Amino acid sequence: MNRRNFIKIVSFGGAVTVATKLSIDAFSGTNANQHSGKRWAMVIDTRKCIAQGGECRKCIEACNDSHNIPKFENPKDEIHWIWKDKFKNAFITSENHYLPQKLNEQKVLLLCNHCDNPPCTNVCPTKATWKRDDGIVMMDWHRCIGCRYCIAACPYGSRSFNWRDPRQNIGNLRDDYPARTKGVVEKCTFCDELIARGGMPACVSACEEGALRFGDLNNPDSDVRKILLDNFSIRRKPELGTSPEVYYIV
Amino acid sequence: MLEKAFTGSKKYWTWIIFLLVLIGVGGIFYLRQFNIGLTLTGLSRDVSWGFYIAQFTFLVGVAASAVMVVLPYYLHNYKQFSKITILGEFLAIGAVVMCMLFIVVDMGQPLRAFNMFLYPTLNSMMFWDSVSLFGYLILNVIISMVTLGAERKGIAPPHWIKPVIIFSIPWAVSIHTVTAFLYSGLAARPFWMTAIMAPRFLATAFAAGPALLILIVLILRKLTKFDVGKEPIQKLAIIVTYAMILNVFFLLLEIFTAFYSGIHEHTLHFQLLYTGLEGNNILVPFMWASVVFAVIALYLMINPKTRVNEKFLIIGCASVFLSIWIDKGLGMIVAGFIPNPLGQTVMYAPTITEIMVSVGIYSIGILIITGLYKIALSVRNQLKYSTLPD
């Protein structure tokens, strides 16, 4: 074989390999969802939230009900995907002694920020948590080994661990959503199961006041983009470079 | 060679059975934890790592410290360490096994542990830590068995083992560096996010590990006829002294940076440890005990008169060990989680389950080390008698 033929054969082989790989990727469909070109994000209007008073828990209950989230008496065992805490705790790096009274007294909603640069997925030793192309930080509860490295890495305290079997403490066990086993980490997934069917996350649907908005940041006509254009918003600990995708209007 | 671990005096067997009982008790506590879940520990969503991970961290240091006898002996041909080197390597084997067990008992789903190798994740420091620990275990098993086996036959060890030994030296440094990287790369935990964590881990390792080795050698001299001689002990004591000075120096650097800059998210964790935070002062007496032990250790180890006196040396080495065990095995991990990322102070204390499981794991480690030392000493004794003139 001369050199010319050798180069021909090698480049032909290479081209076939690349073409096969590309066509498999294009037709496999498994990645279709991941190349949606979307970037999901949430905007929380704390003004509307606070106007409802401290007792409103509609979004939290909708989340708990739709995701088989257990209730535990002992705070040590608690699991929450969306919960409330004081403004000064949520925005700990924006320390201010003279906050408006309302902000100082009322609590704000907290959940996974579905960061652009999630530190939790970076540390996971088994790829049991990862970021999808549409920005959702997902969990695989069947792969998680329960090392809790992701909990240590999350700067927002957004991850919970099943310290014990959750099943006995789920009020109304649903069979259309998985209940978790003891020993795995879980958190908010922006209701990936609902948005896959074109729906809205459960918490957003539950909020009649429209304090929670959800949408695609890559679409300039989306709700969330418009709201962010018209209002000043803040994010939790943006200085860490995580680029959180839950925005707060205060 | 292994059979030598199975013959011994009544005293030896009493010790073994005592350890087996402790392992059994720890095992029962672990089975309970395995069935019910980690809720039996004091851990929570705020303090999600605690006593187990702290013991793991401390013991990685003990394991890495074997390099402090391996390096002078093999790289610098420091013959005085000929008797002590195998003891350091066997100590490392026991320590690495304990490290791995502490990781496993801390896992929520230990049966899935091998997912770590089924889905290797190069960007996870935990993956690299497990690789480096497994590698270190294998290296030490090969090196110690080959060198001791050759010694038993009265021949020189094979040539190929030398590069393996040289390779194990940077590897030992790497296990504790990667362990520090587990913590020091997390933006969420400002207390740990310090570039000096790896150097400080190494300093604590090279102080606590050889201090423990000195104590072990002195105990062995008392219990058996095995005597490594005075000089290697004194050499090790100097290593301990320098490493302990560096450790305290590094800690003071940390405190300077935190308090001179005054950044709250750095100072609060030190306050939690040394003065208490929002009324939570459970760690304070321990941390000050660590300080007192460090001062005693530095005084006794730096002063040449007390260092050469073995009575004081024992106190000095025990103080080094205790000071560092409290610092790394109690304070460091927990303080990283308190206050939590929301600035709340949620306290943690280990439960009886955590303590008994840990006692079980330490007993497994001590059992392994006992068995290995028995082998080493038997080989050495035979050697002594066989070289005697008829």
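## Exercises on a predicted two-chain model

Between chain A and chain B, the count is one salt bridge. Keep in mind that this is a predicted model. Let's work through some exercises, starting at the interface.

**Exercise 1. Which residues form the salt bridge between chain A and chain B, and how far apart are the closest N and O atoms?**

Step 1: look for a side-chain nitrogen of Lys or Arg within 4 Å of a carboxyl oxygen of Asp or Glu.
Step 2: the pair that turns up is B:Asp106 with A:Arg148.
Step 3: check the distance, and you get 2.7 Å between the closest N and O atoms.

**Exercise 2. Describe the rest of the contact between chain A and chain B: how many residues does each chain bring, and what area is buried?**

Step 1: count the residues; chain A puts in 48 and chain B puts in 42.
Step 2: turn to area. The size of an interface is often given as the accessible area lost when the parts come together.
Step 3: here about 3500 Å² is buried between the two chains, with carbon and sulfur atoms giving 51% of that.
Step 4: rank the chain A side by area lost to chain B. A:Ile145, A:Tyr149 and A:Trp163 lose the most, together 20% of what that side buries.

**Exercise 3. How many salt bridges are there over all chains, and which parts of chain A does the one between A:Arg39 and A:Asp116 link?**

Step 1: applying the rule to everything gives 16 salt bridges over all chains.
Step 2: one of them pairs A:Arg39 with A:Asp116, with 2.6 Å between the closest N and O atoms.
Step 3: place both ends. A:Arg39 sits in the loop between helix 1 (3–28) and strand 1 (40–45) of chain A, while A:Asp116 is in the loop between strand 3 (107–111) and helix 6 (119–123).
Step 4: the two residues are 77 residues apart, so this pair links distant parts of the chain.

**Exercise 4. How does helix 8 (residues 197–223) of chain B cross helix 7 (residues 161–184) of chain B?**

Step 1: get the geometry. The axes come within 8 Å and cross at roughly 135 degrees.
Step 2: that angle makes helix 7 of chain B oblique to helix 8 of chain B.
Step 3: for handedness, the crossing of helix 7 and helix 8 of chain B is right-handed.
Step 4: sort the contact by class, and you find nine nonpolar, four polar and no charged residues between helix 7 and helix 8 of chain B.

**Exercise 5. Now take helix 2 (residues 51–64) of chain B against helix 8 of chain B: at what angle do they cross?**

Step 1: their axes come within 7 Å, and the crossing angle is roughly 70 degrees.
Step 2: angles of 65 to 115 degrees count as roughly perpendicular, and helix 2 and helix 8 of chain B are therefore roughly perpendicular to each other.
Step 3: the crossing of helix 2 and helix 8 of chain B is right-handed.
Step 4: list some of the residues involved. Helix 2 of chain B brings B:Phe58 and B:Val62 among others, and they meet a set in helix 8 that includes B:Phe201 and B:Leu212.
Step 5: by class, this contact of helix 2 with helix 8 of chain B has eight nonpolar, three polar and no charged residues.

**Exercise 6. Find a cis peptide bond in chain B: which residues does it join, and where does the proline lie?**

Step 1: scan omega, and a value of about -5 degrees shows up between B:Ile338 and B:Pro339.
Step 2: B:Pro339 lies in the loop between helix 13 (310–337) and helix 14 (352–386) of chain B.

Key
Residues numbered from 1 in each chain as written. Chains lettered and ligands numbered in written order. Predicted model: local features only at pLDDT ≥ 70, side-chain atom pairs only at ≥ 80, totals over all residues. Heavy atoms only, no water. Axes fitted to C-alpha atoms, helices over the stretch in contact; angles between N-to-C directions. Helix = DSSP H or I, 4+ residues; strand = E, 2+ residues; numbered from the N terminus. Parallel < 35°, antiparallel > 145°, perpendicular 65-115°, else oblique. Left-handed = near helix turned anticlockwise from the far one by under 90°. Nonpolar A, V, L, I, M, F, W, Y, C, P; charged D, E, K, R; others polar. Contact = heavy atoms within 4.5 Å. Buried area = accessible area lost by both parts, 1.4 Å probe.
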